[in-house]
Amino acid sequence: MPFDKLYLKVVCSICKGTRMFNHGHHDPHRPHRWKTCPYCDSNGLTVIEATADAIIKFIENTDVSARQRLKQKLAEIESEE
Ligand SMILES: [Zn+2]
């Protein structure tokens, strides 16, 4: 199996996506933000493990051809079991 978990990018729960963090360095080009929250990326996002409900919601938002491929794959998996 190439991977064992799926992940989501969500707003950082430490800085609430502001990048403001105690002991961080101020960014003079974006005065409402700070340079370094150590827990998220430059967009204030962090990665968490996707729950089964989040995966279902993702599948609900895919197009018809992606859902068709998923159905075929699920049928293959079920026939192997
Ligand atoms: Zn953060």
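**Figure 1. The whole chain, with its elements in the order β-β-α-α.** From the N terminus on, the protein's elements run β-β-α-α, giving two helices and two strands in total. What you see here is a predicted model, so a word on confidence belongs with this view. The average pLDDT of the protein is 85, and 83% of the residues score at least 70. Among the elements, helix H1 (residues 52-60) has the lowest mean pLDDT, at 91, and S2 has the highest, at 95. Of the 81 residues in the protein, 5% are buried. If you like contact statistics, here is one to keep in mind: of the contacts between residues at least 6 apart in sequence, 49% join residues at least 24 apart.

**Figure 2. Strands S1 and S2, paired side by side.** S1 and S2 run antiparallel and are joined by five bridges. S1 covers residues 7-11, and S2 covers residues 45-49. One facing pair to look for is Leu8, which stands opposite Ile48 in S2. How many of the five residues of S2 are buried? The number is zero, so S2 lies largely in the open. S2 is also the element with the highest mean pLDDT in the protein.

**Figure 3. Leu6, in the segment before strand S1.** Leu6 is found in the segment that precedes S1 (7-11). Is this residue, Leu6, buried or exposed? Leu6 has 12 C-beta neighbours inside 10 Å, and a residue with 12 or fewer counts as exposed. Even so, Leu6 has partners from further along the chain: leaving out residues up to four places away in sequence, Leu6 touches Ala50 and Ile55. Ile55 falls within helix H1 (residues 52-60). Another distance to check in this view is the one from Leu6 to Ile48, two residues 42 apart along the chain whose C-alpha atoms are separated by 8.6 Å. Ile48 is the residue of S2 that stands opposite Leu8.

**Figure 4. Thr46 in strand S2, with its contacts.** Thr46 has its place in strand S2. With 19 C-beta neighbours inside 10 Å, Thr46 counts as partly exposed, because burial takes 20 or more. Which residues does Thr46 contact, leaving aside its neighbours within four places in sequence? They are Val10, Cys12, Tyr39 and Cys40. Thr46 and Ser13 are 33 residues apart in sequence, while their C-alpha atoms are 8.1 Å apart in space.

**Figure 5. Tyr39, in the loop between S1 and S2.** Tyr39 is found in the loop that connects S1 and S2. Its count of C-beta neighbours inside 10 Å is 13, which makes Tyr39 partly exposed. Beyond its neighbours within four places in sequence, Tyr39 is in contact with Cys12, Ile14 and Thr46. Thr46 will be familiar from the previous view, where Tyr39 appears among its contacts. Tyr39 and Cys15 lie 24 residues apart in sequence, with a C-alpha to C-alpha distance of 8.3 Å.

**Figure 6. Lys16 and Ser42, two further residues of the loop between S1 and S2.** Lys16 lies in the loop between S1 and S2, and so does Ser42. Why is a backbone angle worth a look in this view? Most residues other than glycine have a negative phi. Lys16, however, has a positive phi of about 60 degrees although it is not a glycine. Lys16 counts as exposed, with 12 C-beta neighbours inside 10 Å. Ser42 has 10 such neighbours inside 10 Å and counts as exposed too. Ser42 and Arg19 are 23 residues apart along the chain, and their C-alpha atoms are separated by 7.6 Å.

**Figure 7. Helix H2, from end to end.** Helix H2 takes in residues 64-80, which makes 17 residues. What span should a helix of 17 residues have at 1.5 Å a residue? The expected span is 24 Å, and the end C-alpha atoms of H2 are 24 Å apart, which agrees. None of the 17 residues of H2 is buried, so this helix lies largely in the open.

Terms used:
Residues numbered from 1 in each chain as written. Predicted model: local features only at pLDDT ≥ 70, side-chain atom pairs only at ≥ 80, totals over all residues. Helix = DSSP H or I, 4+ residues; strand = E, 2+ residues; numbered from the N terminus. Contact = placed C-beta atoms within 7 Å. Expected span 1.5 Å × (residues − 1). pLDDT = per-residue confidence, 0-100. Pairing = 2+ DSSP bridges.
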